[in-house]
Amino acid sequence: MIAVAVSLNVVIALFCFYVAWRLWRLSKTLGAVADALVNWERNTHNVLDPVVIPPAILRGQSGTAYLRQNYSLLQFQIQRLEQVMGIVGLFPMANRWLRARGRRPGPKMNTMTLSRRR
C-alpha cells in the first residue's frame with residue numbers, strides 16, 4: 001500500500017516537474033520576444049522621431065498630400081462626367097419621344113376634321 005502511494009506521488013511529482021519545465025521554457029521565450037519588441041520599438045522611435053524626420057519621409061508625406069489633392073479633384077470631375085453622361089443618356093429616349101409625337105395626328109389634323117364636319 002505504501003509502495004502504491006509513493007509511486008503515485010512520484011508520478012504526480014514528475015508531471016508537476018514537466019509542467020514547471022514547460023512553463024520555464026515558455027517564460028524564456030516570452031522574455032526573448034519582449035526583448036525583441038523593445039529593441040524594435042527603440043529602433044523605430046529613433047527612425048521616426050518627430051524632431052529628426054528623415055527627408056525621405058518628408059518627401060513621402062508631401063507626395064501623399066499632393067496625391068490626395070489630385071484624387072479629390074478627380075473624384076469631382078468623375079461626378080461631373082457621370083452627370084453629363086446621365087443627361088446624354090436621356091437624348092435617345094427624348095428623340096424616340098419626339099418621333100413618336102410627330103407621327104401622331106397633331107392639332108392641325110383636328111382642325112381639318114372639325115372643318116370637314118361643318
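1. A striking place to start: buried residues make up 0% of the 118 residues in this chain, where buried means under 20% relative accessible area, exposed over 50% and partly exposed in between (1.4 Å probe, protein chains only). Please keep in mind that this is a predicted model, with local features needing pLDDT of at least 70, side-chain atom pairs counted only at pLDDT 80 or more, and totals for chains, interfaces and linings using all residues. Residues are numbered from 1 along each chain as its sequence is written, and side-chain values use heavy atoms, leaving out hydrogens and water.

2. The chain has 3 helices and 0 strands, giving the pattern α-α-α along the sequence. Helices (H or I, at least four residues) and strands (E, at least two) are DSSP runs, numbered from the N terminus.

3. About 11400 Å² of the chain is exposed, with carbon and sulfur atoms supplying 68% of that area; accessible areas come from the Shrake-Rupley method with a 1.4 Å probe, and for residues only the protein chains shown count as cover.

4. Now to the aromatic rings: a search of the whole structure finds 1 aromatic pair. Tyrosine 18 and tryptophan 21 form this tilted pair, at 6.3 Å centre to centre and 40° between the planes. Rings of Phe, Tyr and Trp (its six-membered ring) pair if their centres lie within 6.5 Å; planes under 30 degrees apart count as stacked, over 60 as edge-to-face and the rest as tilted. The two residues are about one helical turn apart because they sit 3 residues from each other in helix H1 (residues 2-47). Tyrosine 18 is partly exposed at 45% relative accessible area, and tryptophan 21 is partly exposed at 41%.

5. Helix H1 also holds tryptophan 24, which is exposed at 51% relative accessible area.

6. Lastly, helix H2 (residues 55-103) has 49 residues and should span 72 Å at 1.5 Å a residue, which agrees with the 73 Å between its end C-alpha atoms; the expected span is 1.5 Å times one less than the number of residues.
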